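Biologist: I'd like a close look at one part of this protein, please, and keep it friendly for a first-year student.

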Amino acid sequence: MVHFVGAGSGAADLITVRGAKLLGEADVVIYAGSLVNPALLNYTREGCEIHDSAKLTLEEVIALIEKAEAEGKTTVRLHTGDSSIYGAVREQFDELEKRDIVYDVCPGVSAFCGAASALRAEYTLPDVSQTVIITRAPGRTPVPERESIRSLAAHQATMVLFLSTSLTELLQAQLLAGGYTADTPAAVVYKATWPEEHIFRCTVGTLHETVTGNGLTKTSLIVVGNCLGDTYLRSLLYHPNFTTEFRKGAQ
């Protein structure tokens, strides 16, 4: 059996209860060493076989899993954040299915949730934005033209950008060209929820300067949008005049 486990956004105690239990039961753990907090390996039992996938190819990862399966062992494939976002898991699923290897998925706390907690932000503020766009700037991995930063920026929604800290000159230009104003609030969160977490608040107009001036190149998430501002409407759900299924409003 193979368990794909989301490691969470950084802090070792932000893994789910299920994820920690699976780690503690595993015979083999293959973890994304370039991104996963190594403190999470403390959940593993003595004698667990541990492999860092940062040094491996897809084929080598699958070979390790096949070997574990042949020996009747349980494998945990530990991915950063939640594996559904930029996790490169679909290709692993397909290879396991070709081999009739049974697997399941345990979700994790994504970095975009970790960044929101660090910023004490609500991405979906009434009358500001009810949509969160999770995307990335094009780098070595291309982005479809229909999903260009410029076209997505036209929605003026909350935007969370992964894997884009080294591309902020292009990113800033595309955000502005798409419709965000230069004074739109933005923030860069370095290693959200890790002990070394650091927050850099800025605007779209000062984004590139903020990133380069602080020497940020990776393991940072960029948040853009007026959800980081101070103006919004009060939620109707808890308004005394609003009637719900559970409470009658005053008017």
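Where is the place of Leu163? Could you start there and walk me through what surrounds that spot?

Modeller: Sure, and keep in mind that this is a predicted model. Leu163 sits in the loop between strand S7 (158-162) and helix H6 (168-178). Leu163 counts as partly exposed because its relative accessible area is 48%, and partly exposed covers the range between 20% and 50%. Together with Tyr86, Val132 and Ile134, Leu163 makes a nonpolar surface patch of about 320 Å².

Now for the pocket. The largest pocket holds about 1400 Å³ of space. Its lining has 48 residues, and those closest to the centre are Ser34, Leu35, Thr80, Tyr86 and Leu163. So you meet Tyr86 and Leu163 again here, since both names turn up in the nonpolar patch and in that central group. As for who builds the lining, helix H2 (58-70), strand S4 (75-79), helix H3 (90-98) and strand S10 each supply at least two residues.

Let's follow two of those helices, H2 and H3, to their charged side chains. Here's the idea behind it: side chains of opposite charge can pair when their charged atoms come close. Glu66 and Arg99 do this in a salt bridge, with 3.0 Å from N to O. That pair links distant parts of the chain: Glu66 is in helix H2, while Arg99 is in the loop between H3 and strand S5 (103-106), 33 residues away. Glu66 is partly exposed at 35% relative accessibility, and Arg99 is partly exposed too, at 33%.

Inside helix H3, Arg90 and Asp94 make another salt bridge, again 3.0 Å from N to O. These two are 4 residues apart, about one turn of the helix. An α-helix has 3.6 residues a turn, so residues three or four places apart point the same way. Arg90 is exposed at 60% relative accessibility, whereas Asp94 is partly exposed at 28%.

Back to strand S7, the one just before the Leu163 loop. S7 is also one of the strands that the buried residues of helix H4 pack against, along with S6 (132-136), S8 (185-190), S9 (198-203) and S10 (220-224). In H4 (residues 111-119), the buried residues are Phe112, Gly114, Ala115, Ala116, Ala118 and Leu119. After H4 comes Arg120, with a positive phi near 55°.

So here's your route to trace on screen: begin at Leu163 in its loop, look into the pocket whose centre it helps to line, then step back along S7 to the buried residues of H4.

Technical notes
Residues numbered from 1 in each chain as written. Predicted model: local features only at pLDDT ≥ 70, side-chain atom pairs only at ≥ 80, totals over all residues. Heavy atoms only, no water. Patch = residues over 30% accessible without salt bridge, like charges linked within 9 Å, V, L, I, M, F, W, Y side chains within 5 Å. Areas by Shrake-Rupley, 256 points an atom, 1.4 Å probe, with all protein chains shown as cover. Salt bridge = Lys/Arg side-chain N within 4 Å of Asp/Glu carboxyl O. Buried < 20%, exposed > 50% of the residue type's maximum accessible area, 1.4 Å probe, protein only. Contact = heavy atoms within 4.5 Å. 1 Å grid on protein atoms, 1.4 Å probe; cavity = no way out; pocket = protein on both sides within 12 Å on 5 of 7 lines; lining within 4 Å. Points joined across faces, edges and corners; volume = space filled by probe spheres on them.
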